[in-house]
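Here's a guided look at a protein model, taken piece by piece. Keep the picture open beside you while you read.

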Number of protein chains: 2
Amino acid sequence: MSSFLDSIYSEASRKVKPSPIRDMLHVIRQPGMISFAGGMPDPEIFPIGQFKEAAGIFDREGKDVLQYGTTEGYQPLKEFLCEWTAPRMGRKPELDEMLITTGSTQVIDLLCWALLDKGDCVICEEPTFVGATLTMYNHGAEFLTVPCDKDGMKVELLPEIIDKAKKQGKKIKFVYTIVNFHNPLGCDLSVERRKKLLEIAEEHNLVILEDDPYGYVRFDGEDLPPIFSMDKSGRVVFASSFSKILAPGTRVAWCVGKRELIRKMTVFKQGVDVCTSVVAQAMVYEYCRLGYLDAFLPKIIDHYRDKRDAMEEAFKTYLPKDQVKYQTPKGGFFYWIETPNIPARDLFDKAIEKKVAFVLGEPFYPNGGGKHNFRMCFTFASPEDTKEGIKRLGEAIREFA
Amino acid sequence: MSSFLDSIYSEASRKVKPSPIRDMLHVIRQPGMISFAGGMPDPEIFPIGQFKEAAGIFDREGKDVLQYGTTEGYQPLKEFLCEWTAPRMGRKPELDEMLITTGSTQVIDLLCWALLDKGDCVICEEPTFVGATLTMYNHGAEFLTVPCDKDGMKVELLPEIIDKAKKQGKKIKFVYTIVNFHNPLGCDLSVERRKKLLEIAEEHNLVILEDDPYGYVRFDGEDLPPIFSMDKSGRVVFASSFSKILAPGTRVAWCVGKRELIRKMTVFKQGVDVCTSVVAQAMVYEYCRLGYLDAFLPKIIDHYRDKRDAMEEAFKTYLPKDQVKYQTPKGGFFYWIETPNIPARDLFDKAIEKKVAFVLGEPFYPNGGGKHNFRMCFTFASPEDTKEGIKRLGEAIREFA
């Protein structure tokens, strides 16, 4: 359908692609649909009363909280986060190494503003989080994708990939990696590979965006040190968020990195939203200050471990073993399923008929692929729905076998 | 100072300029400083108790409010706004003609994403809001600036400006105009000129971004119809915000426009922050639903009218008449001062010495100018500070005379 806008739109506008996950909402909302699609926390465990209690901060700090905030972020929240994240980060970040953002999607947007010119390359896992690559794509990114195994990105392939791209005249700006409980793969990047990745970034002068929204939601095993904690030269930007450990409706996230780069991102943030909602930041801060974050984390972890186990149990009960492959995630939100004999898109259509939804694998491959994969979120659906949904999925799969 | 980042930064990064207003914060915060710089509401009248009461929505809707929201915005808030803005907009906007944004700076960012390629032109008033042009500048905009008089943009100059730019091969995408109580000029765009501007936009196939954060804060005279209300073809995007009529710390704003364009902007918003803080949106909604917005507006208007009058009174008492020119604004937040015989930058240095701050005129001229102008915000400082601050300003001016 043509309109007067056709000749006014930008090139980005003509190419922009909606998020396949966001755009599934109308499918997910069909009556009776059981959805494993969105990477959504379980609303049943949201700490609603405690979060409401955090509104008490208006009594104390109302005038500041309702005023424009600094672009850098609400200072009490930053002070809390620097302290709270220190054990994991290997040191306490300085206040001016941290920027509070409107969701960690904004970290990606701001880093792209700071680093990417049209046609510049980003190195990422294959597959990787589609929300991240869509943001980069809007900024004109091209992608150098690196295959993964159970220990994440096959870092040993990087030198060849980088050399080849450089010979083609491409400029590589940063590596995007989801280090813990990868979205969509569910795997961890091994410590060895973290070290190796940092070495390679040093050698080729790349920035690393270490995206870690799930790191605090580990069910099994020991926490792995962030690449940030190994970094001597300040080339790692570490990003995390309150979306998975408190509530995504806050849209409060943060990143930590080299002062100079954080400052660049801050200046770009002045131009995109001036500052993150101070109301939301202050309530998140007050919630943390009252000790509720630390109290809530073990609850989340136990709850989601149970949900993961329930999903895998249902897999074992209802899915034909010879038709599906998956790896048990040690944390996070997702199973990544391979159906070697069944095209995922055909399975998806059949599943939707049976009122069960998941996210197709293809959009997670920015350079193509994933035709026999899909992502299942285990955190959102109730135990009963999970059982029933996987049962329906099993029936759908059997119709192809 | 050079760093390994120098060869990694984007072109935008090498050119980006910090907001001169945001970057004045360290000056404003000096002890004893009286600031007329930032366009900030008076925290003394923030409805803190009523806003806190709006946290009651967590009891009712906590599960939804803490979850990811739709990118389009929190539906109850959109429904409220469509209804509430209808009388002024000339009709009730449809839900899918409206997008909730993270401050109205984000409206500008998203419209630039949708329309601007590097080097494309935006038509704007001269002077105009520096925050807006910095966002556009990051997107590679060039500016066609139109001189103003007491009735706003001299629209009659537009055909020649447009023809000249087109002859130079430039592409013009949209007109940016602040229609009521212009920032920084304080003037209204006359109804005649609104009509004429729309005609010209039709003729040259331009979009109009009608930015109206101050429209509901009118002290004198009748409300003027928005250009949006005159628009038959859907080329006007109307933007407004809760920053000036409730509290900027919410970062909740909205825009209304042609469905197709709003959809484009929504898809870009998926990539910049997924959705505006649902926590903030829901509290703003609840505050409005409880009737507090309508009750607060007359109070804001009376309060700021008094503050405007107090500032003008102080001007008359303390500023040498032959050295300053200004026009009384009928609403909004600002006086725009001209000092024909004194360079504003020299006056600024002198004023800072005397512990009084304002914003220099120059950054409001994207193509240069404003060397004898500065902006004074009358809403923020207390009556006593206003009197004392203007007295100091008068002393500073007299040192040049």
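## A small sheet in chain A

In this predicted model, chain A has an open sheet of 3 strands, and you can read their order as S10-S13-S12. The pairing is antiparallel. Which strands sit at the edges? They're S10 and S12 (359-360) of chain A, and each of these pairs on one side only.

Now zoom in on S12(A) and S13 of chain A, which covers residues 373-377. These two strands pair in the antiparallel sense over 2 bridges. For a concrete example, find A:Val359: its bridge partner in S13(A) is A:Arg375.

## Two domains in one chain

The domain assignment splits chain A into domain 1 (4-47 + 295-398) and domain 2 (60-292). Going by C-alpha atoms, the centres of domain 1 and domain 2 of chain A are 24 Å apart. How many residues of each are in contact? It's 36 residues of domain 1 of chain A with 32 residues of domain 2 of chain A.

Let's look at the side of domain 1 of chain A that touches domain 2 of chain A. The elements giving two or more residues to that side are helix H12 (292-318) and strand S10 (334-338) of chain A. H12(A) gives the most, with 8 residues. Sort the residues on that side by type and you get 22 nonpolar, 9 polar and 5 charged.

## A helix tucked inside

Is H6 of chain A, residues 105-115, largely enclosed or open? Here 11 of its 11 residues are buried, so the helix is largely enclosed by the rest of the structure. Among the buried residues of H6(A) are A:Asp109, A:Leu111 and A:Trp113.

## The nonpolar core

A:Leu111 turns up again in the largest nonpolar core, which has 254 residues. The members that touch the most other members are A:Leu111, A:Ile208 and A:Met283, along with B:Leu111, B:Ile208 and B:Met283.

What does A:Met283 touch, if you skip residues up to four places away in sequence? The list is A:Phe51, A:Ala54, A:Ala55, A:Ile57 and, from chain B, B:Val279.

## How the two chains match up

Try laying chain B on chain A: a turn of 180° with a shift of 0.0 Å along the axis does it, with an RMSD of 0.0 Å. The two copies are therefore related as by a two-fold rotation axis. Both copies also use the same surface, as 100% of the contact residues of chain B recur in chain A.

Terms used. Residues numbered from 1 in each chain as written. Chains lettered and ligands numbered in written order. Predicted model: local features only at pLDDT ≥ 70, side-chain atom pairs only at ≥ 80, totals over all residues. Core = buried A, V, L, I, M, F, W, Y, C linked by C-beta atoms within 7 Å. Buried ≥ 20, exposed ≤ 12 C-beta atoms within 10 Å, placed from the backbone. Contact = placed C-beta atoms within 7 Å. Least-squares fit on C-alpha atoms with pLDDT ≥ 70 in both. Domains from an automatic or database assignment. Helix = DSSP H or I, 4+ residues; strand = E, 2+ residues; numbered from the N terminus. Nonpolar A, V, L, I, M, F, W, Y, C, P; charged D, E, K, R; others polar. Pairing = 2+ DSSP bridges.
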